[in-house]
Amino acid sequence: FATLPTGGKVLQMVQAVKTDHQIFSTNNTFLDVTGVTATITPSSSSSKILVELSLSFSGAINAYAGGKIVFNDNGGSFGDMSGSMPVNSGYRLVHFGLGVSNATNENYRVKPASFHFLHSPSSTNALIYKLQTWHQSDDIVIGRSYTYNDANSSMATPVILTLTEIGA
C-alpha cells in the first residue's frame with residue numbers, strides 16, 4: 001500500500017460574523033471595521049492559514065475605497081501579510097477595491113467584495129486577523145445599502161471573515 005500524504009488537511013476553522021453595519025466618513029486613512037476580527041493559534045509553524053473574507057458595501061455616489069486584512073503575531077503591531085501583494089511606491093496596499101458609480105439609485109444597491117489568501121505565518125503564536133477599510137472622499141458603508149430608509153429598497157448583509165488552518 002502507498003503512504004498517503006499528511007499535508008493539506010483542515011486542522012481548525014475560526015469565523016467572525018458581523019451582522020450590523022458601519023459607516024466610514026474619515027478620509028485617507030485605514031480604519032478598523034469593528035466586529036471583523038478573528039484569532040487562530042496554529043498547531044505547527046509549518047501550517048498555513050487560509051484567510052477568506054466576504055462582504056457587501058455601498059456608498060455615496062462616486063465614492064471609492066479599498067480594504068485589506070492585516071494581522072498581528074502574538075501581540076505585536078498589526079501589519080500587512082508579507083508577500084501578499086507587491087505595491088509600487090506611493091500606492092496604498094489594498095486587497096480589494098470598493099467603488100460606487102453615479103448611476104441612478106446606485107446608493108440603494110449593495111455590491112459584493114471578497115478576498116482569499118493562503119498565508120504562511122511560520123508561527124505557533126496566537127494570530128489575530130482583522131479587516132480595515134480606506135476611502136478617498138465620500139462615505140462608504142459596510143454591511144448594508146447606503147440609503148437605508150424602507151423595507152422595499154434597503155438591504156443588509158453580513159460580513160464574514162473565516163480563518164482555516166491547513167496542515168503542511
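This is a short talk on one chain, its strands, its core and a few chosen residues.

A word on the source first. The model is predicted.

Let's start with the overall picture. The chain has zero helices and 11 strands. Read along the sequence, the pattern is β-β-β-β-β-β-β-β-β-β-β. There are 168 residues, and 40% of them count as buried. Now the contacts. Take those with a separation of 6 or more: residues 24 or more positions apart account for 84% of them. The accessible surface comes to about 8,700 Å². Carbon and sulfur atoms hold 51% of that surface.

Next, the core. The largest nonpolar core has 27 residues. Which residues have the most contacts inside it? They are Val51, Leu53, Ile69, Tyr129 and Leu161. Several strands supply at least two core residues each: β3 at 31–40, β4 at 48–59, β5, β8 at 111–119, β9, β10 at 140–142 and β11 at 159–166. Which strand gives the most? That is β4, with five residues.

Now look at β5, which runs over residues 64–73. This strand is mostly covered, with eight of its 10 residues buried. One partner is β9, residues 127–135. The two strands pair in the antiparallel sense, over nine bridges. To find the register, go to asparagine 72 in the pairing: isoleucine 128 of β9 stands opposite. Another partner of β5 is β6, residues 79–80. That pairing is antiparallel too, over two bridges. Here valine 70 stands opposite aspartate 80 of β6.

A general reminder while we are on strands. In a regular strand, side chains alternate between the two faces of the sheet.

Stay with the β5 and β6 hairpin. Five residues lie between the strands. Asparagine 74 sits in that loop. Its phi is positive, about 60°, although asparagine 74 is not a glycine. Where else is there a positive phi in a residue other than glycine? Serine 122 has one, near 50°. Serine 122 is in the loop between β8 and β9. Is serine 122 buried or exposed? It counts as exposed, at 57% relative accessibility.

On to charges. Side chains of opposite charge can pair when their charged atoms come close. How many salt bridges does a search of the whole structure find? Two.

Take lysine 18 and aspartate 20. Their side chains meet in a salt bridge, at 3.0 Å from N to O. Lysine 18 is buried, with a relative accessible area of 3%. Aspartate 20 counts as partly exposed, at 43%.

Then lysine 130 and aspartate 32. These form a salt bridge, with the closest N and O atoms 2.8 Å apart. Lysine 130 lies in β9 and aspartate 32 in β3, so the pair ties together parts that are 98 residues apart in sequence. Is lysine 130 buried or exposed? Lysine 130 is buried, because its relative accessible area is 12% and the cut-off for buried is under 20%. Aspartate 32 is partly exposed, at 34%.

Two more residues before I stop. Threonine 162 is in strand β11. It is buried, with a relative accessible area of 9%. Which side chain makes a polar contact with the side chain of threonine 162? Glutamine 15, at 2.9 Å. Leave out residues up to four places away in sequence, and threonine 162 touches Met13, Val14, Gln15, Leu50, Val51 and Glu52. Val51 came up earlier, among the residues with the most contacts inside the core.

Last, asparagine 62. This residue lies in the loop between β4 and β5. Asparagine 62 is partly exposed, because its relative accessible area is 43%, and that class runs between 20% and 50%. Asparagine 62 and glutamate 106 are 44 residues apart in sequence. In space they are 9.2 Å apart, C-alpha to C-alpha.

To recap. The chain has zero helices and 11 strands. The largest nonpolar core holds 27 residues, and β4 gives the most to it. β5 pairs with β9 over nine bridges and with β6 over two. The lysine 130 and aspartate 32 pair ties β9 to β3. That's the tour.

Key
Residues numbered from 1 in each chain as written. Predicted model: local features only at pLDDT ≥ 70, side-chain atom pairs only at ≥ 80, totals over all residues. Heavy atoms only, no water. Buried < 20%, exposed > 50% of the residue type's maximum accessible area, 1.4 Å probe, protein only. Helix = DSSP H or I, 4+ residues; strand = E, 2+ residues; numbered from the N terminus. Pairing = 2+ DSSP bridges. Contact = heavy atoms within 4.5 Å. Areas by Shrake-Rupley, 256 points an atom, 1.4 Å probe, with all protein chains shown as cover. Core = buried A, V, L, I, M, F, W, Y, C linked by side-chain atoms within 4.5 Å. Polar contact = N/O pair within 3.5 Å; in protein donor to acceptor, adjacent residues only side chain to side chain. Salt bridge = Lys/Arg side-chain N within 4 Å of Asp/Glu carboxyl O.
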